[in-house]
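Reader: I would like a close look at one part of this model, the sheet and what lies around it. Please take me through it step by step, and then go on to the place where the chains meet.

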Amino acid sequence: MADAHENNESNYLTATRGLKSWLFTVDHKRIGLMYLVGVLVFFLAGGLFAITLRTELLTPEGGDFISATTYNKMFTLHGAVMVFLVIIPSVPAALGNFLLPLMLGAKDVAFPRLNLLSFWVYTLGSMFFLFTLAAGQLDTGWTFYTPYSNTTGTAVVSATFGAFILGFSSILTGLNFIVTVHKMRAPGLTWNKLPLMVWALYSTAVIQVLATPVLAITLLLLIVERTLMIGIFDPAMGGDPVLYQHFFWFYSHPAVYIMILPGFGIESELIAVHSRKHIFGYKAIALSSVAIAIISFVVWGHHMFVSGQSELAGIVFSFLTFAVAVPTAIKTFSWVATLYKGSIEFNTPMLYGLMFLFTFTIGGLTGIFLGALSVDVHLHDTYFVVAHFHYVMMGGTIIAFVGGIHHWWPKMFGVMYSEKWGKIAALFIFVGFNMTFFNQFVLGQQGMPRRYWSYVPQFQQQHVLSTIGSYLLLIGFTVIAIYLVHSLRNGKKVGPNPWGAQSLEWTHTASPPIEHNFHGQPRVENDPYNFPEIDRTGATDAH
Amino acid sequence: MILSLFTAPENADAKQAVADAAAPAAEAASAPLPPLETAHSWAMPTQASTFAESTDNLYWFITALDTAFFILIIGAMGYFMWKYRRRSKEQKTSSITHNGMVEFLWSAIPTVLLLVIFVWGECDFVKQSVPPQDALEVRVTGQKWYWTVEYPKYPGVTLNSSTDEPALTLMVPKGKPVRLTMTSNDVIHSFYVPAFRLKRDVIPGRYTQIWFEATKVGEFNLFCTEYCGDLHSQMGGVVKVLEPADFERALKEAGTLEQEEGESMADYGARIYKRRGCVACHSIDGTDGTGPSWKGIWGRTENLASGTVTIEGERGQQYIRESILEPNKEIVSGYAPQMPSYQGQLDDTQISALIEYMKTLK
């Protein structure tokens, strides 16, 4: 660890200068950062859509803030932007790109140029979304259900084409990551010494490569139907609208795991590093990611229990849905067990790690209601579902993502943010998040349908609470944005390994890393969770 | 307040239009609130069908299990957070990395519990899927943005959530199984009655079927739960459960739409306007709807594809009659051909009554 002289050496941020050196870089770290900027910009946009929706829902009558048409466009864009432009690329493309080669002890990903291409494809896809905004927006919901999406006058073709293009970015990144993990591991870095973040990125990449083409085909068929009037999904032209739902969810359910598995990866790192304990049940966590990746392909029908699919199909999908719950439960238990007899430090990244356990546990447990057939008949397409997937997608992925940003911020930029403001913002986010979404379980249980611009007055109280919660979230995220940007210039400089972590990105390179990641090829002897604080004398403790 | 559920989205005038349209019932309509279905803000909705109790029992069973596991997981987390907080930088940590027995248990126990939940939910779901032979047959049609309900056993009865006051959509007898055969005329909708714990998508081009048996007399909310466009959140209605004798009486009444003694043709027309659903697309206050407003229609000159028509005298009568029976033959320019034919649904007297009614709308 020759870091003393590295401080004077140029790092990946300063190695070359000028806009072109960024736009045409093949450095995975720079590409990761550019993704990060894109993701955060769209997160801001998607978040503002959400705040607008919540404001309209303060009163039962529609129209005291925005019209029904605007409301429908807003919830559609909120969903589409958050799913396709934020959550899917957030951890894998932004943090994953930055971290994967560093964690593997590699100089870059296997195909650096392909990596740049996926970034540009992402940019192109997001341009189509921006074009959609300009050209009459979109009011189909992010799911583009037919035949509504065939008949509405909004810019369905440009939006679906945008999602179609974004899919390629996802596929290319996935391919790149799979090859990188297989071929670029440092000597000594065997599969069972991989940081769990790598296992998670690997499982995600497999799903991305296998599932995304199905979405591409589905969206293409939708475009063909809309433009050439070939009846595929629209019954008016001889098509079948339920077929669309099968196709769509065949991708979009695995996509839920594309979104959450990387969050699991971050969670494993946060919990282990900041409690100075070897992760509990390494193999179980790693293999449960793989199990989830496989089972996730055969549970899509649980989105369609009341859609008119056959009852038998409903029963089979319900069963398989419960099967996917088990590996997820195993992970949660293992993270809690990791805390046992640890040395837990409550810094900002760890607060998000613990927050994730709280919110994701609620998200996971409430999934059980929706997997149970008869209960789902009542809860399907109500606010219960809205609450459930926000607890998973936001309480899971986004919270992990925010935790990950705080954890690797010193690595990315070599500076530390304000710990005090970090904690204050985390408190706002924790309170705001639960206030926004916990009520929505109750609303759903009482029968409040989702995607409603106006509602019956008995639901108002819960809606008001929810809206106030969303304002707290806005405050929390604003504070984070301010102190993170502030830290870039004014933050305290940090050494290569401020957290005392044991994986290669911390132990073998500077903060920020040099352009080519490592001086020479790192060799791995140590386990990534073998912290010096671990008491090796009481060997009887180990089973 | 019930009116606020069924008003047009963007302007208050349209709201008023619907209110005016329901004018004779205005006093009745302004009083009742939408059915309030929960006892307090944490309760489930009223249980009003034979499915409700078992569904709720499973709901509360899962809630209890979830709460127990949540306390276990988050309790352990909280305890560890306190017990093993970092007191000094040198604090030693345990070298435990795994424990086969513990890991087996925390995989096996949830698996068994999940299986119980699966079987319970599955059994109830199967019950909901098989309607009894003697169920009362009801046809439900969804369209943007209202429901129409017909009873093959009671010809001539059509309930319509956008016109029947206040939003009466479905009447069913208590204690008798009812089978709904549903389809949509445009996009996918979903038929949801929280008090019955009942929901099924309503799909264009195919029939979906559900059944239930109501157990409680009263009025219950009906919601559309598949996003269907601008007025999705207004595509609701009221399900009214009646004692079987009251039900027979109500349907008989609903099935007749005849001129009453002493009723003028124009008043009769006004009733038809509401009951037969004209109100859904044609306003009477000048607001533009799916079709042209009826305000000032008599005497107005409209552009058609084949030229113009001035709606008055013999030619006017003829044009209106034709537009009701063959609506898409000659459409007022600027409007889409969306109106269904009323051939066989309105007789000559009724059409004449509608024309008389139009004449009053200056």
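Author: Start with a pair of strands in chain B. In this predicted model, β4(B) and strand β10 (residues 237-242) of chain B run parallel and are joined by five bridges. One residue pair to look for is B:M171, whose bridge partner in β10(B) is B:K240.

Helix α5 (residues 244-255) of chain B packs on the sheet, where it touches both β4 and β10 of chain B. The direction of this helix makes about 135 degrees with that of β4(B).

Now the whole sheet. It is open, has five strands and mixed pairing, and its order in chain B is β4-β10-β9-β6-β7. The edges are taken by β4 (168-173) and β7 of chain B; each has a single partner strand, so one side of each lacks a neighbour in the sheet. On average, neighbouring strands are turned by 25 degrees against each other, direction ignored.

Next comes the meeting of the chains. Here 81 residues of chain B are in contact with 87 residues of chain A. On the chain B side, at least two residues each come from α3 (52-83), α4 (100-129), β6 (189-193), β7 (198-202) and β9 (218-224). The element that gives the most to this side is α4(B), with 16 residues. By class, the residues of chain B that touch chain A are 40 nonpolar, 26 polar and 15 charged.

One helix pair across the chains can be followed in detail. Helix α11 (residues 348-371) of chain A packs with α3(B) at an angle of about 165 degrees, and their axes are 10 Å apart. An angle over 145 degrees counts as roughly antiparallel, and α11(A) and α3(B) are therefore roughly antiparallel to each other. Their crossing is right-handed. From α11(A), the residues making the contact include A:L354, A:L357, A:F358 and A:T361. From α3(B), they include B:Y59, B:I62, B:D66 and B:F69. The contact of α11(A) with α3(B) has 15 nonpolar residues, one polar and one charged.

Last, a word on confidence in chain A. The mean pLDDT of chain A is 92, and 97% of the residues score at least 70. Among the elements of chain A, the lowest mean pLDDT (88) belongs to helix α5 (residues 148-151) and the highest (97) to helix α13 (residues 383-413). Residues 1-6 of chain A have pLDDT below 50, and this stretch has six contacts in the model beyond near neighbours in sequence. Where pLDDT is low, predicted coordinates should not be read in detail.

Terms used: Residues are numbered from 1 along each chain as its sequence is written. Chains are lettered from A and ligands numbered from 1 in the order in which they are written. This is a predicted model: local features need pLDDT of at least 70, side-chain atom pairs count only at pLDDT 80 or more; totals for chains, interfaces and linings use all residues. Two residues are in contact if their C-beta atoms, placed from the backbone, lie within 7 Å. Helices (H or I, at least four residues) and strands (E, at least two) are DSSP runs, numbered from the N terminus. Ala, Val, Leu, Ile, Met, Phe, Trp, Tyr, Cys and Pro count as nonpolar, Asp, Glu, Lys and Arg as charged, and the others, Gly among them, as polar. Two strands pair if DSSP finds at least two bridges between them. Axes are lines fitted to C-alpha atoms, for helices over the stretch in contact, and angles run from 0 to 180 degrees between N-to-C directions. Angles under 35 degrees count as roughly parallel, over 145 as roughly antiparallel, 65 to 115 as roughly perpendicular and the rest as oblique. A crossing is left-handed if the near helix is turned anticlockwise from the far one by less than a right angle, and right-handed if clockwise. pLDDT is the predictor's confidence in each residue, from 0 to 100.
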